[in-house]
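Reader: I would like to go through the ligand site and one sheet. Please give the cut-off behind each term.

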Amino acid sequence: MSRAGGTPVPFDDPVYVTRPLLPSLSSVMARLADVWTARQLTNIGAQHERLEAALRDHLGVRELSLFTNGTVALITAIRALGLTGEVLTTPFTFPATPHALSWSGITPVFCDIDPVTLNIDPAAVDRAVTNRTSGILAVHVYGNPCDVVGLQRVADRHRLKIIYDAAHAFGTRIMDRGIGTFGDVTMFSFHATKLFHTAEGGALACGDPLLKARIDDLRNFGIHGPDAVEAIGLNGKMSELHAALGLSVLEGVADELAQRRRLLARYRERFAELEGVTWLQGLKGVDSSCQYCVIRVDEAAFGCSRDALHRGLRAYNLFTRKYFHPLCAQYDCYRSLPSAAPANLPVATRAVQEVLCVPLYGGLSEADVDRICDMVAAVGEQARRSVAAGAAE
Ligand code: T4K
């Protein structure tokens, strides 16, 4: 029973925005047994090599390097491409994106986003180029691709490198072309909250074998052969334990994705019934990673703000997330940058007040989605009733 007397019944256990895909323990144990036999725990062992090859195929990319996490992978990409000075980026992202630039001694320059996709707007990027700009760090937010053609045009015009942060876009394809084949380098995150994960992990994809060799050296302290250290590298290597887990997780990704697609279709049907709640549209010709289910709440039309909805759903044991609030440009460390001014970022400033990620993961059923949508509707109804009662007093 999802409703008692018209009011949705709260979930018995907390329902979160996501839950990790867990392969059978026996499958992971079988791989760990191989690791024990080999006694190689890290430093590019057999599990690592297998996972790198499997993901290269899965993602349809020429070169791939595994990492400890997506943030270290991003920092390595920035170093491998020799970016300096200023890099143009989006404020509508997770802190890792601008922080990777700051850790590299680069000033992030925030550009506004497209109102439909919420990805960085190529026209805003074009306007922000200066003689200090060395590159673009764009994010495929929620797994929806950026305007890769528009961004490449801007990059070519100004001779800029492009790094794509595809933390949310595992397996996203544009016209059947892997998302990791655009720009100079693409970063993937394999954090536990991602469609495909290795608990903690990440990767860089690129099309140039020489760049891949540089990335691999940087990932391993800059060591290049037994007697040479040729660059200031770091330690970004994925361990055998994480790679073994990843090989088992990968076997379940197709089923997980199929279930997420079914759930998204159900969400779409149900949200269409709610005035003031809109849906982040998928793009034509794109197979999405289905990383998040994102709605936008128009307070005037729904009668309840995004924040009030987020709070109200907690009473039902339902924990949504306001990814990516606050805007990176509003963090203490960035708000004094000229590009961080709200007047420079009107679209992002509005979007960040309206977006809400509702639960999406394979362990949910369509009946769960119905309950979640009933809860969203009930919180809206309650808010409208309170306003009406206040007005009548
Ligand atoms: N670029 C972008 C655009 C990113 O979104 C991210 C990371 C990065 C770069 C950096 O990649 P990594 O260095 O992380 O590889 C999470 C993740 O930690 C982070 O990886 C991710 N983006 C971000 C969007 O989400 P939190 O602080 O929101 O996670 P947390 O712990 O609150 O988890 C969310 C929900 O997931 C929990 O309410 C419950 C569930 N959960 C989480 C974990 C970790 C589980 O059920 N089991 C778990 O093990 O950051």
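Reader: What makes the pair between an oxygen atom of the ligand and the side chain of Arg19 a polar contact?

Author: The model is predicted, so local features need pLDDT of at least 70, side-chain atom pairs count only at pLDDT 80 or more, and totals for chains, interfaces and linings use all residues. Side-chain values use heavy atoms, without hydrogens and water, and residues are numbered from 1 along each chain as its sequence is written. A polar contact is a pair of N or O atoms within 3.5 Å. The ligand oxygen is 2.6 Å from an N or O atom in the Arg19 side chain. That pair meets the cut-off.

Reader: Which part of Lys194 faces a nitrogen atom of the ligand, and at what distance?

Author: An N or O atom of the Lys194 side chain is 3.1 Å from that nitrogen. The protein covers 77% of the 920 Å² of accessible area (Shrake-Rupley, 1.4 Å probe) that the ligand has on its own.

Reader: Which residues come nearest to the ligand?

Author: Near means a heavy atom within 4 Å. Of the 26 residues around the ligand, Arg19, Thr71, Asp165, Ser189 and Tyr323 come nearest.

Reader: How do you know that strand 9 and strand 14 pair?

Author: Strands are DSSP runs (E, at least two residues). A pair needs at least two DSSP bridges. Two bridges join strand 9 (residues 173-174) to strand 14, and the two run antiparallel. Arg173 has Asp287 of strand 14 as its bridge partner.

Reader: What is the strand order in this sheet?

Author: The open sheet has three strands in the order 10-9-14, paired antiparallel. Strand 10 (177-178) and strand 14 (286-287) each have a single partner strand, so one side of each lacks a neighbour in the sheet.

Note on methods:
Polar contact = N/O pair within 3.5 Å; in protein donor to acceptor, adjacent residues only side chain to side chain. Helix = DSSP H or I, 4+ residues; strand = E, 2+ residues; numbered from the N terminus.
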